[in-house]
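Colleague: I am new to this one and would love a guided tour. Could we start with the aromatic rings and then move on to the DNA?

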Number of protein chains: 2
Amino acid sequence: MDSRSDASPSRVDDLLCFLVHSTGAAFNRVYRKPLERLGLTYPQYLVMLTLWTDDALSVGQIGDRLRQDSNTLTPLLKRLEGLGFVTRTRSAADERRVVVRLTAEGRRLRESVAEVVGCVRETVGLDEGDLAQLMERIRSLRDNLDAAAAMTPPR
Amino acid sequence: MDSRSDASPSRVDDLLCFLVHSTGAAFNRVYRKPLERLGLTYPQYLVMLTLWTDDALSVGQIGDRLRQDSNTLTPLLKRLEGLGFVTRTRSAADERRVVVRLTAEGRRLRESVAEVVGCVRETVGLDEGDLAQLMERIRSLRDNLDAAAAMTPPR
DNA sequence: GTCGTATAAATCGTACACGATAGGATCGCA
DNA sequence: TGCGATCCTATCGTGTACGATTTATACGAC
């Protein structure tokens with residue numbers, strides 16, 4: 001009920017949604033150059049991270065972890081396949097599934113990446129405690145938004 | 001120097017960059033449906049917000065506020081023009097500039113939007129103090145990232 | 001006044017995001 | 001055993017995002 005509860009906020013930079021949006025873009029900018037040296041985009045890097053943790057995942061399993069669907073992942077995975085970092089094969093047990101596996105080169109990439117993660121970790125400029133707290137708040141914010149979006153929109 | 005300082009994090013969901021990224025997507029999902037009723041996408045909505053605050057801005061001024069460049073904004077503004085919400089006219093004083101102005105219909109849209117902002121504000125589930133603190137932390141995070149990206153990347 | 005430089009917007013190519021839909025495989029159950 | 005519902009991936013269309021380049025205008029030093 002305060003003075004700005006309804007009127008348009010004075011600046012987009014005073015909106016939480018815009019701050020989150022632009023901070024995501026800023027992360028992207030920081031990651032772009034070092035990843036480019038490895039031949040990866042940021043979304044491709046996220047897929048590689050996922051496979052370095054658990055290899056041989058289906059498209060859907062990767063999508064669960066990254067919160068995206070096959071319409072985004074299929075072309076992205078084909079590019080990673082074209083780059084020689086993963087293979088895509090139909091599962092014999094369930095022909096509906098496509099299993100994505102790291103190649104030797106894909107596994108090798110993991111070492112080159114350690115420095116990328118490390119250098120970004122420093123630029124965020126937060127100590128362990130603040131980082132953990134910030135992450136927890138953002139996660140809970142995201143969960144609230146997800147829950148709101150999941151409600152069948154009234155009408 | 002702790003145990004996870006170098007190895008790949010166990011899950012993308014434990015990375016700050018991914019949390020920010022996916023929270024931005026979650027905001028987008030929440031906004032999508034109500035904005036769709038107005039005929040706007042989320043980035044278009046950000047442009048409208050900017051113009052509701054300051055009308056008659058050049059493409060570059062809009063870009064300063066939204067942190068994007070003409071390569072993204074030009075086609076987006078042409079769509080808003082096609083929808084009848086803005087006009088785009090070359091400035092007489094400086095023929096390089098294109099000035100974007102709200103139409104009557106574009107101004108009218110502002111009222112329909114109040115409820116959108118209000119309903120999203122509730123779903124974030126934070127009180128005034130927490131919201132302000134979270135926003136300040138994210139802003140400072142973004143500034144750190146911007147500063148890092150601005151450094152001419154060594155080698 | 002002329003020329004080089006800076007600035008503003010537009011254009012181009014590639015990659016993501018995402019709603020909607022299609023097509024094939026699997027499963028459950030009558 | 002057959003058949004409808006469900007699941008999984010792929011495809012399509014539209015709308016961003018963004019680096020690199022292009023074109024046109026403005027400005028400053030001379």
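**Rings, confidence and DNA**

Colleague: In which helix do Phe27(A) and Tyr31(A) lie?

Modeller: This is a predicted model, so please read every value as computed from it. Phe27(A) and Tyr31(A) are four residues apart, which means that about one helical turn separates them. The helix that holds both, residues 16-38 of chain A, is H1.

Colleague: Is Phe27(A) buried or exposed? And Tyr31(A), buried or exposed?

Modeller: A residue counts as buried under 20% relative accessible area. Phe27(A) has 2%, and Tyr31(A) has 3%. Both values fall under that cut-off, so Phe27(A) is buried, and Tyr31(A) too counts as buried.

Colleague: How is the aromatic pair of Tyr42(A) and Tyr45(A) arranged, and which class does it get?

Modeller: Tyr42(A) and Tyr45(A) sit three residues apart in helix H2 (residues 42-53) of chain A, about one turn of the helix, and both are buried. Their ring centres are 6.4 Å apart, with 40 degrees between the planes. Planes under 30 degrees apart would be stacked and over 60 edge-to-face, so the rest are tilted. The class for Tyr42(A) and Tyr45(A) is therefore tilted.

Colleague: How many aromatic pairs does the whole structure have, and why is the pair of Phe27(A) and Tyr31(A) given its class?

Modeller: The search over all chains finds eight aromatic pairs. For Phe27(A) and Tyr31(A), the ring centres are 6.4 Å apart and the planes meet at 25 degrees, so this pair is stacked.

Colleague: Which residues make up the aromatic cluster that includes Phe27(A)?

Modeller: We have already met its members in helix H1 and helix H2. They belong to one cluster: Phe27(A), Tyr31(A), Tyr42(A) and Tyr45(A).

Colleague: How confident is the predictor in chain A, and over which residues is the pLDDT below 50?

Modeller: The mean pLDDT of chain A is 88, and 87% of its residues reach 70 or more. One stretch of chain A falls below 50, with five contacts in the model beyond near neighbours in sequence. That stretch is residues 1-6.

Colleague: Now the DNA: how much of what strand C shows to the protein is sugar and phosphate?

Modeller: DNA strand C is surrounded by 27 residues, with Thr41(A), Gln68(A), Arg79(A), Thr74(B) and Arg88(B) the closest. Among the atoms of DNA strand C that come within 4 Å of the protein, the share of sugar and phosphate is 69%.

Colleague: Which side chain comes within 2.9 Å of a base oxygen of DNA strand C?

Modeller: Some contacts go to phosphate oxygens of DNA strand C: a side-chain N or O atom of Arg88(B) is 2.5 Å away, and a polar backbone atom of Glu95(A) is 3.0 Å away. The base oxygen, at 2.9 Å, is paired with an N or O atom in the side chain of Asn71(A).

Colleague: And for DNA strand D, which residue has a side-chain atom 3.2 Å from a base oxygen?

Modeller: Here too 27 residues surround the strand, and Thr74(A) and Arg88(A) are among the closest. A polar side-chain atom of Thr74(A) lies 2.6 Å from a phosphate oxygen of DNA strand D, while for the side chain of Arg97(A) the distance to a phosphate oxygen is 3.5 Å. The residue at 3.2 Å from a base oxygen is Arg96(A).

Colleague: Last one: how many charged residues are on the surface near DNA strand D?

Modeller: That surface has six nonpolar and 11 polar residues. The number of charged residues is 10.

Key. Residues are numbered from 1 along each chain as its sequence is written. Chains are lettered from A and ligands numbered from 1 in the order in which they are written. This is a predicted model: local features need pLDDT of at least 70, side-chain atom pairs count only at pLDDT 80 or more; totals for chains, interfaces and linings use all residues. Side-chain values use heavy atoms; hydrogens and water are left out. pLDDT is the predictor's confidence in each residue, from 0 to 100. Contact means heavy atoms within 4.5 Å. Rings of Phe, Tyr and Trp (its six-membered ring) pair if their centres lie within 6.5 Å; planes under 30 degrees apart count as stacked, over 60 as edge-to-face and the rest as tilted. Helices (H or I, at least four residues) and strands (E, at least two) are DSSP runs, numbered from the N terminus. Buried means under 20% relative accessible area, exposed over 50%, partly exposed in between (1.4 Å probe, protein chains only). A residue is near a molecule or strand if one of its heavy atoms lies within 4 Å of it. A polar contact is a pair of N or O atoms within 3.5 Å; within protein, one must be able to donate a hydrogen and the other to accept it, and residues adjacent in sequence count only if both atoms are side-chain atoms. Ala, Val, Leu, Ile, Met, Phe, Trp, Tyr, Cys and Pro count as nonpolar, Asp, Glu, Lys and Arg as charged, and the others, Gly among them, as polar.
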